[in-house]
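Reader: I am a first-year student, and I would be grateful for a close look at a single part of this structure, namely its cysteines. Please also place them in the setting of the chain as a whole.

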Amino acid sequence: MMTANVAFLGLGTMGYPMAGHLAKAGYHVTIYNRTQAKADNWVQEYNGTIALTPCDAVKEADIIFTCVGNDDDVREIYKGQQGILVTAKPGAILVDHTTASADVAREIADAAHAIGCDFLDAPVSGGEAGAINGCLTVMVGGNEAVFNKAKHAIAQYAKATTLMGETGYGQITKMANQLCIAGVLQGLSEAVTLAKAAGLDIHTMTEVLKHGAAGSWQLENRAQTMAVDSFDFGFAIDWMRKDLAICFDAAEKLNVELPLAKQVDAEYEKLQQRGFNRADTSILIKQFDK
């Protein structure tokens, strides 16, 4: 499959390095990005071709990757007048890495099937560092045979790629991921605040706790940075609140309560009002500022 033609649409914080890994692996990559300058920078750094519209980008592609902002962006890039579905060839595999709703995943899958294409919803976890280092976690919804055809390409920027079930299940898994992060960050914010107030050395605390039941990625990577007010690690609270809104909408439809996530979301809203929109999610600790 490394001789396959692939298209990658959306060169944001995540998509830019993900597309780069495909190019470095030997795939023939055509890119599209709404901001032309970002596309120009990408082709200077990697081997590939720029397209000026989504439909131009995908004409010859065997696998089409997208990584955009939200449900509306997904609909536009697939179903717009110059969208992917206008020119995608029958048999092409469409892989959406956007964190979006399960509903839009099913909607795009139906539209893709109607023109003879296949679709996988495949949101990722691991942040900017995971994308740059090629070690993302990818959670996928869709047909197993289609997944098996696409997973080699996805593996170029992933350390773990797992089929979770039918279309939409990738997005449901990403919702669970975001809910876990919200809960862990609330607990970690309280723990670091208490430890600092008592004069505990945060580095030593982290080294001890990471080996026990409290161990987590957030503890190992954010406890010490939270303690020194460092919050510039890529995944902004604006994006987290977008993701949590998707969780709340899905939970309402399933008649599920998410009390802790709603508490965390309310604290993030207050932090946005204080101007911390682009700070990363670990800034949750500043809810305890006096």
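Author: In this predicted model, the number of disulfides is zero. Cys135 takes part in no disulfide, and the nearest cysteine sulfur, which belongs to Cys67, lies 15 Å away. A disulfide requires two cysteine sulfur atoms within 2.5 Å, so the 15 Å between the sulfurs of Cys135 and Cys67 rules out such a pair. As for its surroundings, Cys135 has a relative accessibility of 31% and is therefore counted as partly exposed.

Cys180 is likewise in no disulfide. Its nearest cysteine sulfur is that of Cys247, at 10.0 Å. With a relative accessibility of 52%, Cys180 counts as exposed, because the exposed class begins over 50%.

The setting of these residues may now be described. The chain contains 13 helices and nine strands. Its radius of gyration is 20 Å, which agrees with the value near 19 Å that a compact globule of 290 residues would have. Along the principal axes, the C-alpha atoms fill a box of roughly 65 × 45 × 35 Å. Of the 290 residues, 49% count as buried. Among contacts with a separation of 6 or more, 65% join residues 24 or more positions apart.

The surface completes the picture. The accessible surface of the chain is about 13500 Å², and carbon and sulfur atoms account for 52% of that area. The chain carries 24 positive and 34 negative charges, whose mean positions are 2 Å apart.

Notes: Residues numbered from 1 in each chain as written. Predicted model: local features only at pLDDT ≥ 70, side-chain atom pairs only at ≥ 80, totals over all residues. Heavy atoms only, no water. Buried < 20%, exposed > 50% of the residue type's maximum accessible area, 1.4 Å probe, protein only. Helix = DSSP H or I, 4+ residues; strand = E, 2+ residues; numbered from the N terminus. Rg over C-alpha atoms; globule rule 2.2 N^0.38 Å. Contact = heavy atoms within 4.5 Å. Areas by Shrake-Rupley, 256 points an atom, 1.4 Å probe, with all protein chains shown as cover. Lys, Arg positive; Asp, Glu negative; His and termini not counted. Charge placed at Lys NZ, Arg CZ, Asp CG, Glu CD.
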